[in-house]
Amino acid sequence: AESFERALRYDTGSSEIRFSLAECYFRTNQFARAVSVASVISPKDSRAYDLLGRAYGFMGQYDDARDAYLMLLKTDSTNAQAYWYLYRLAMRRGYLDEAAAHLDKLSLQRPETRVFNELGNLYVRLGRPRDAARAFERSLGRDSTVRRAGSPALHLPRPAPTLGAEPPPR
């Protein structure tokens, strides 16, 4: 970091040097210093917003992390990693609907088995069985290890019965 600090004294307007310094601070777990340096990068690009989002996240400043990732998506709407981090931040904060929206957008950028499985499980938690079934079906379509013909039907878990409720008919 010292080399970048010295270089920044000679070229105070260099976004590259400033970003490299912020990245050094981030990699050495000096997240507040990373934010301080990255915040003054002008103009900010997707790398700067990504670094800000990650640093804010490590400091537990989830609203600021969310804002940084949303700004990243304004500069690069195809950044799948930003959708993933927004999904994780929303889950951490308990905002399941927001998490599902970010994961759904991620599935358009990266139509992968893991993404569809995560989305299906999230829809189950939200009580949206049709959306869950669609996500799991898309997951099966992406997984080359699943046999299509003769595959067992997809069954979603049923909610646990409440105490004193009648058992379901057989």
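Asn117 touches Phe136 and Ser139, leaving aside residues up to four places away in sequence, and this residue makes a convenient point of entry into what is a predicted model. Asn117 has its place in helix 8, and its C-alpha lies 9.0 Å from that of Leu140, a residue 23 positions apart from Asn117 in sequence. With a relative accessibility of 29%, Asn117 counts as partly exposed, because that value falls between the 20% under which a residue is called buried and the 50% over which a residue is called exposed.

The helix that carries Asn117 can be considered next. Helix 8 takes in residues 113-125, 13 residues in total, and reaches 18 Å from its first C-alpha to its last, which is close to the 18 Å expected at 1.5 Å a residue. Its buried residues are Val115, Phe116, Leu119, Gly120, Leu122 and Tyr123. Those residues lie on the same side of helix 8, because they cover an arc of only 165 degrees around the axis. An α-helix has 3.6 residues a turn, so residues three or four places apart point the same way. On the face of helix 8 turned away from the buried side are the exposed residues Arg114 and Arg125. After helix 8 comes Gly127, which has a positive phi, near 75 degrees.

A second asparagine, Asn79, is found in a loop, the one between helix 5 (62-75) and helix 6 (80-93). Is Asn79 buried or exposed? Asn79 counts as buried, because its relative accessibility is 18% and the cut-off for burial is under 20%. Its side chain has a polar atom that lies 3.1 Å from the backbone nitrogen of Gln81, while Asn79 also touches Leu72 and Leu73 when residues up to four places away in sequence are not counted.

These two places belong to a protein chain with 9 helices and 0 strands, so that, read from the N terminus on, its elements run α-α-α-α-α-α-α-α-α. Of the 170 residues in the protein chain, 33% count as buried, and the chain exposes about 11000 Å², of which carbon and sulfur atoms supply 49%. Where contacts join residues at least 6 apart in the sequence of the protein chain, 35% of them link residues at least 24 apart.

Conventions. Residues are numbered from 1 along each chain as its sequence is written. This is a predicted model: local features need pLDDT of at least 70, side-chain atom pairs count only at pLDDT 80 or more; totals for chains, interfaces and linings use all residues. Side-chain values use heavy atoms; hydrogens and water are left out. Helices (H or I, at least four residues) and strands (E, at least two) are DSSP runs, numbered from the N terminus. Buried means under 20% relative accessible area, exposed over 50%, partly exposed in between (1.4 Å probe, protein chains only). Contact means heavy atoms within 4.5 Å. Accessible areas come from the Shrake-Rupley method with a 1.4 Å probe; for residues, only the protein chains shown count as cover. A polar contact is a pair of N or O atoms within 3.5 Å; within protein, one must be able to donate a hydrogen and the other to accept it, and residues adjacent in sequence count only if both atoms are side-chain atoms. The expected span of a helix is 1.5 Å times one less than its number of residues. The arc is that of the directions from the helix axis to the C-beta atoms.
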